[in-house]
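Open the model in your viewer and keep the selection panel at hand. This tour moves from one selection to the next.

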Amino acid sequence: MSTIALQALPSSTSAAKRLAARFGFGLACDEIALHRFPDGELRVTVAPTADTTILFASLDQPNDKLIALLFAAEALRRGGARRLVLVAPYLCYMRQDIAFHPGEAISQRAMGRLLATLVDRVVTVDAHLHRTSDIRSVFPGIEAENLSAMPAIADALAADGIDPATVVIGPDAESGPWVSDLAGRLRLQHTVARKRRRDDRSVDIDFADPTLLSGRPALMVDDIVSSGTTLMVAARALRTMGATAIEAVVTHALFPAAMVTAFTDAGVRSIRSTDSVSHPTNAIALDEVLAAALQSELGTTRSRETTR
């Protein structure tokens, strides 16, 4: 019988330990040790290796984490790991899937090829893929799954209670799949805004039916919020349309915590996120979604802990 264990980068240790606990048979979970030398280089030390090792690393603020993953994979393979599974609830560098200007790197292609040389499987949540229809095309030759956070978000919202008059709002066309899915699960009406981007921090937003929100609450849904510009412009538009209350829920909260005040000023009563990235707005755990995806790794394995 082969062995299985979970190792995590320090920023993901808490989430990794919760995930390990869900499996109920003492799945070993260790933190990968990082040491930074005075010149900025990293030393990476992994725990004892299992045949199958799950690497848990949410890849926000990604550059140092990618180097740490590279070194961790090297140490684990050399230590005897036969299968490496990367669980990255947030997956970095997926936005740019084409070169918009001469000389630009296609970050999605470069990142996919790099990770495909390190691990045997990638599991992520609501990857920001734009024109890429299947995440498996990003990672040549390995397994890859792009899970949806919408089941977890829908369960959390339903448990808290939601006004049946609420309209689920997508701030742009790219949010359409998440909006449709969530609205269907909650049996709510939904619509998607039209967005025209002027630059990284300037957008115009309007809605096909300006009367839809009059006298009704709005729930904005998106996969990623980083600058927050789109969300704030959409909130102001919804206030103009007569929305009685505006709330937001996102999978990946990448914006500075201090921006919550700016969201409030724009009319957003509350903003909640999943715990894909550690953030003060975290309110929805992805443990169940991730655990379900990883059940297949447990078939004929046992925890490394039981072999000590």
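Below are the stops, each with a selection and what to look for there.

**Before you start.** This is a predicted model, in which local features need pLDDT of at least 70, side-chain atom pairs count only at pLDDT 80 or more, and totals for chains, interfaces and linings use all residues. Residues are numbered from 1 along each chain as its sequence is written, and side-chain values use heavy atoms, with hydrogens and water left out.

**Stop 1: residues 83–88.** This is strand 6. Helices (H or I, at least four residues) and strands (E, at least two) are DSSP runs, numbered from the N terminus. Is strand 6 mostly covered or mostly open? Mostly covered: 5 of its 6 residues are buried. Buried means under 20% relative accessible area, exposed over 50%, partly exposed in between (1.4 Å probe, protein chains only).

**Stop 2: add residues 52–56.** Strand 5 runs parallel to strand 6, joined by 5 bridges. Two strands pair if DSSP finds at least two bridges between them. Pick T53; its bridge partner in strand 6 is L84. Now add residues 62–78, helix 2. Strand 5, helix 2 and strand 6 form a right-handed β-α-β unit. Right-handed means that, with the strands pointing away from the viewer, the path from the first strand over the helix to the second runs clockwise.

**Stop 3: add residues 121–125.** Strand 7 pairs with strand 6 in the parallel sense, over 4 bridges. Pick V85: R121 in strand 7 is its bridge partner. Add helix 3, residues 107–118. Strand 6, helix 3 and strand 7 make a right-handed β-α-β unit.

**Stop 4: I67, L70, F71 and L114.** Show these four as a surface. They form a nonpolar patch with about 290 Å² of accessible area together. Which helix gives the most to the patch? Helix 2, with 3 residues. I67 sits in helix 2. I67 counts as partly exposed because its relative accessibility is 37%. Patch members have over 30% relative accessible area and no salt bridge (Lys or Arg side-chain nitrogen within 4 Å of an Asp or Glu carboxyl oxygen); nonpolar side chains are joined within 5 Å. Areas are Shrake-Rupley values with a 1.4 Å probe.

**Stop 5: the open sheet.** Its 6 strands pair in parallel, in the order 10-9-13-14-15-16. Strand 10 (189–192) and strand 16 (282–284) stand at the edges, each with a single partner strand, so one side of each has no neighbour in the sheet.

**Stop 6: residues 218–225 and 246–253.** Strands 13 and 14 pair in the parallel sense over 7 bridges. Finish on I224: its bridge partner in strand 14 is H252.

Terms used: Patch = residues over 30% accessible without salt bridge, like charges linked within 9 Å, V, L, I, M, F, W, Y side chains within 5 Å.
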